[in-house]
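Hi everyone, thanks for making the time. I'd like to walk you through a structure that is new to most of you, so let's bring it up on the screen.

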Amino acid sequence: MADEKIVIKEYTAPAGGWGSMKGMAEVLPKEGISPATLDALRRQNKPEGVMCVSCAWGKPAKPHIAEFCENGAKATAWELTSHRVTPEFFAKHTVSELDLWPDYDLEQAGRLTHPMRYDRATDKYVAASWDEAFTAIGTKLKTCDPKKVILYSSGRASLETSFMYALFARMWGQQNLPDSSNMCHETTSVGMKNAIGSPVATIQLEDYEKCDAIFAFGQNVGTNAPRMLHTLSDCAKRGVDIVTFNPLKERGWERFANPQNPIEMATGSSTQISSQYHQVRAGGDIAAILGICKIVIEADDRAKAEGRPRVVDAHFIEQHTVRFEDFATFARKATWDDIVHESGLTRSAIEDAARVYMKAERVIAVYGMGITQHRYGMDSLYMIINFLLLRGNIGREGAGPGPVRGHSNVQGQRTVGITEKTELAPVERLKALFEFEPPTEKGWDTVESCREILAGTAQGFVQLGGNFLRAIPDQGRMKEAWAKLPITVHIATKLNKSHLTPGEESWILPCLGRMEQDMQAGGRQAVSIEDSFSHIYGSVGKATPAAPTLLSEPAIVAGIAKATIAPNPNVPWDEWVGDYGKVRNAIENCYPDKFANFNDKLFVPGGFWKGNPASHRKWETKSGKAEFNVPRALNATGFAEQDGRFRLVTLRSNDQFNTTIYGYDDRFRGIKGTRQVAMMNRADILALGLSDGDTIGLESDAQDGHERVVDGLRVVEYDIPAGCIGGYYPELNILIALEHHAIESHVPAAKSVPVRIRLNP
C-alpha cells in the first residue's frame, strides 16, 4: 500500500546526484539485492553485457563506468528480486482479493515461478505443467477464428522472440499484432513515414556531439530516459542551446548533477540543461512551433526582398521538398493572437526560441509522447518536421528528428514484423522462405482490438509481456468486456492487474527475464534489441533464473505455436529454441538490407546501425521528396474550450516505468506517499474555491454517454499552465475514452484528456 505519511514538498535539488543515489538505495533493498543484481548493473548496456529492460536510449561504444540510471537500476532489481510468487501464494489468495491490491503490491510480491491455470470454481490460479498448459491453450485456440484472436506484445520482448511471435501469427492466418508502439509512438511511425519516408529517428547518438542547438518537445528526460542526461549535460557544457517546450517544469530539463562526476557530487554543483524553458499549454505545441516557423519565413521574405542571404535553406527546399509554399502561406496568414492563445506562450518567448533556431547551423528536435498522444498528434509531429525542413535540418550530421522511445525494444519489434499492417511486413520473403500464404488483410491495432473486445467479437487474447488491460483507456468498460473473452494467456515475469480479470479460460505462463541466464540445447543464449537510434545490440543474461521451472520467451512462443498450427518443415521451432543464432539467420534472410551478417555483428560496441534512407536524404515518400504539411488545427487536443473543461495530462512518476510502479515517491515533483493527486495551477484552484490539499474527483468530459470517474484525488498546487491538470497513469486511464485517440495513428490521446472537476466527490 502507499506510505502512511503523505508529504508534499518542493524538491529543489537537480536531477541525478545524491537524490538519484538515495532513490536507488531505498528501492534496491526492498527487492533483496544480491551479487547477481550488482553484476547485472556492472555489465548493463555495455558491449557483450546485458541490455537494460527499461528505456530505449542508445548504448555508447565507450560506456561510462556505470552505464545505467536510477530507473534502470530499479528495473534490474525488480527483475532480479528475491521475492517469489509460487503456487502456494495463489493458494492463499483468490483472484478477486488480489484484484483489490494496488499495482505496486502485486508486482512487489515477486517473480512468477510456475504455469498457472485459472480455476473458476475456487476463483484461484492453480499450478499446471508446461505440457498441460501448451496442450490446453492450443486446443482452445484451434476452436477460435484466428482473425478474431489478439496477439499483443510488450516492448521488452527481444528481436528473436518478436520475430517468432509475428511469424506464428501470420502462419496461423492473421496479423492482429498490437504492441506498445500503438499506445505511444505510432504517431511517429505513421507521420514520419508520410513526411520523410522514415518511421524512426534520422539521427544517431554521435549527432549530439555535432549539433548547435537542441529543441525538445513534450518529453520528460529525467524520468523517461535518464541516461540521456549525460548527453545533454555534455552538450550544455560545450555551449549548445537547449530550448525546451513542456507544460510542466521537469527537473531533468532544468539541472543535472552527474553521479559519476566527483566534483559535482562533492560540491553539490550541477549543470544547467535548458537555456530556455517554455511552458506550453497541453496540446499547444502546434501553435508554438508555427510561431517559430512564421518568424523564420517572414525573416526570409525580408532577406530575399533586400538581397541578403536567405534565412531558410532555399536550395534544400527546392531540391528535396514539396508543398513549401502551401505551408509558408499558411504561416504568413497565421495571427499572433491565435498563436499566443493556443500555445499559452508570449510572442516574445516564441521570438526568443526563433532566434536560437535561426542562429544554429545544426539542430536536433527531441520529442516524446507529449507530441504523439493527442487527437491531432499527427499535426504536432508534422510541425516538428516542417520546422526542421525549413533550414535543411534533416539528412546531415548533427541535425534531425530524435523521437525518444520508451520500452527497450519497442522500435525493434516493428522492425522484425510486429505490425498489423501488411505493407510493413516482408510478405513475399515470408512466402518464399517458409512456403505458406501470409495474410494480406490488415490486422487490429490496440484501439481496434479494444473495440472488438467491447463488441464481444474478439475470441481470445495472448499477451507477450506487458499489462495491456491496465495500460489502455476506458479501463472500466474494458474490464467488464475482457472477462467475457473465451481465452486469455499471459506470458509474464510478475503478477499484474491484467492477470486478475481472467477470461473464460485463463493462463499465466512465467518466463525468464533478460537479466537471467538462458541455457538451451545449444548452450547459453544471447538475445538482441534495437534502440531509439536504430542500433542493434546483443544481450547476455548471467543471473541464476528465478526458478528452474521457467521457460524462455522463445520457448513459450514455440510451445504455443506448435500446439496451435500445423507443422511446417521450413519452420524448425525446436531448433530455433535450442539456438537463437538460427532465429537471427531467419531474420537476416527476411530482412537482408537491415540484418546482413547479423550473428557476426551481434556484439559490435555501440551496436550496429540498420540504416535509414532519410539520413542520406533519400525520401521514400509518395512524392519522392520530404513533404511539408499544413496543420488542421492550432492545438492538438481535438476538443473545444469550454467553461469548466480542463486538459488532463497523464504522467509517469519518478518511481515508475510505464505501468510498473516501483514506489510512491515522485521525488522531482515533491510528492511522496501517494499517487492519487491532481496537480493544478494556483489560479484555477482559487477560482474553484479550493485550497491546496483539498480532495476532488475528476470525470471524463468525452460526452459519449459513458460515465468515467476517479474520486479521492488530492489537489496539489503546481507550476502547470492554467486550464491544465497533471495526474498519474495508469490510475487515471479510466478517464480516457477509447475513441479519444490520434486520428490516423490511433494512439490514445492521454496528454490532453477533456475532464471536469467534481467538487463534492
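Before I get to the barrel, one term: two strands count as paired here if DSSP finds at least two bridges between them. Also keep in mind that what you're looking at is a predicted model.

So, the barrel. Six strands make a closed barrel that runs 25-33-30-32-31-34, and the pairing is mixed. From one strand to the next, the twist averages 45 degrees. Let's zoom in on one of the pairings: strand 25, residues 646-651, goes with strand 34, residues 753-758. Those two are antiparallel, with three bridges. If you want a spot to click on, take Arg 647, whose bridge partner in strand 34 is Pro 754.

Now a smaller piece of strand architecture. There's an open sheet of three strands, ordered 21-22-23, and the pairing is antiparallel. Why do strand 21 and strand 23 each have one side without a neighbour in the sheet? Strand 21 (527-530) and strand 23 (608-609) are at the edges and have a single partner strand each, so one side of each stays free of a sheet neighbour. Between strand 22 and strand 23 you'll find two bridges, in the antiparallel sense. One residue to look for is His 535, which has Trp 609 in strand 23 as its bridge partner.

Okay, on to the open spaces. How much space lies in the largest pocket? About 840 Å³. Its lining takes in 27 residues, and the ones nearest the centre are Lys 193, Pro 199, Arg 414, Leu 424 and Lys 594. Two elements give two or more residues to that lining, helix 10 (186-196) and helix 22 (410-415). Helix 10 gives the most, with five residues. By residue type, the lining of the largest pocket splits into nine nonpolar, eight polar and 10 charged.

The second largest pocket comes in at about 430 Å³. Here 24 residues do the lining, with Pro 60, Leu 205, Glu 206, Glu 209 and Thr 231 closest to the centre. Helix 12 (228-237) and strand 22 (535-539) are the elements that give two or more residues. So strand 22, from the open sheet order I just gave you, shows up again in this lining. Helix 12 gives the most to the lining of the second largest pocket, four residues. The split for this pocket is nine nonpolar, six polar and nine charged.

What about closed spaces? Searching the whole structure turns up three cavities of 30 Å³ or more. The second largest cavity has a volume of about 70 Å³. It's lined by 15 residues, and Lys 46, Pro 47, Met 51, Tyr 537 and Val 604 lie nearest its centre. That lining has eight nonpolar, four polar and three charged residues.

Last topic: aromatic rings. How many aromatic pairs are there? The count comes to 31. One of them is Phe 434 with Trp 576, an edge-to-face pair at 6.2 Å centre to centre and 80 degrees between the planes. This pair links distant parts of the chain: Phe 434 is in helix 23 (residues 427-434), Trp 576 is in helix 28 (residues 573-578), and they're 142 residues apart. Buried or exposed, then, for Phe 434 and Trp 576? Both are buried. And to finish, there's a cluster held in ring pairs: Phe 89, Phe 90, Trp 101, Tyr 118 and Tyr 125.

That's my tour, thanks for listening.

Key:
Residues are numbered from 1 along each chain as its sequence is written. This is a predicted model: local features need pLDDT of at least 70, side-chain atom pairs count only at pLDDT 80 or more; totals for chains, interfaces and linings use all residues. Side-chain values use heavy atoms; hydrogens and water are left out. On a 1 Å grid over the protein atoms alone, a cavity is a set of points where a 1.4 Å probe fits but cannot get out, and a pocket is an open set with protein on both sides within 12 Å along at least five of seven lines; lining residues have an atom within 4 Å of a point. Grid points are joined across faces, edges and corners, and a volume is the space filled by probe spheres set on the points. Ala, Val, Leu, Ile, Met, Phe, Trp, Tyr, Cys and Pro count as nonpolar, Asp, Glu, Lys and Arg as charged, and the others, Gly among them, as polar. Axes are lines fitted to C-alpha atoms, for helices over the stretch in contact, and angles run from 0 to 180 degrees between N-to-C directions. Rings of Phe, Tyr and Trp (its six-membered ring) pair if their centres lie within 6.5 Å; planes under 30 degrees apart count as stacked, over 60 as edge-to-face and the rest as tilted. Buried means under 20% relative accessible area, exposed over 50%, partly exposed in between (1.4 Å probe, protein chains only).
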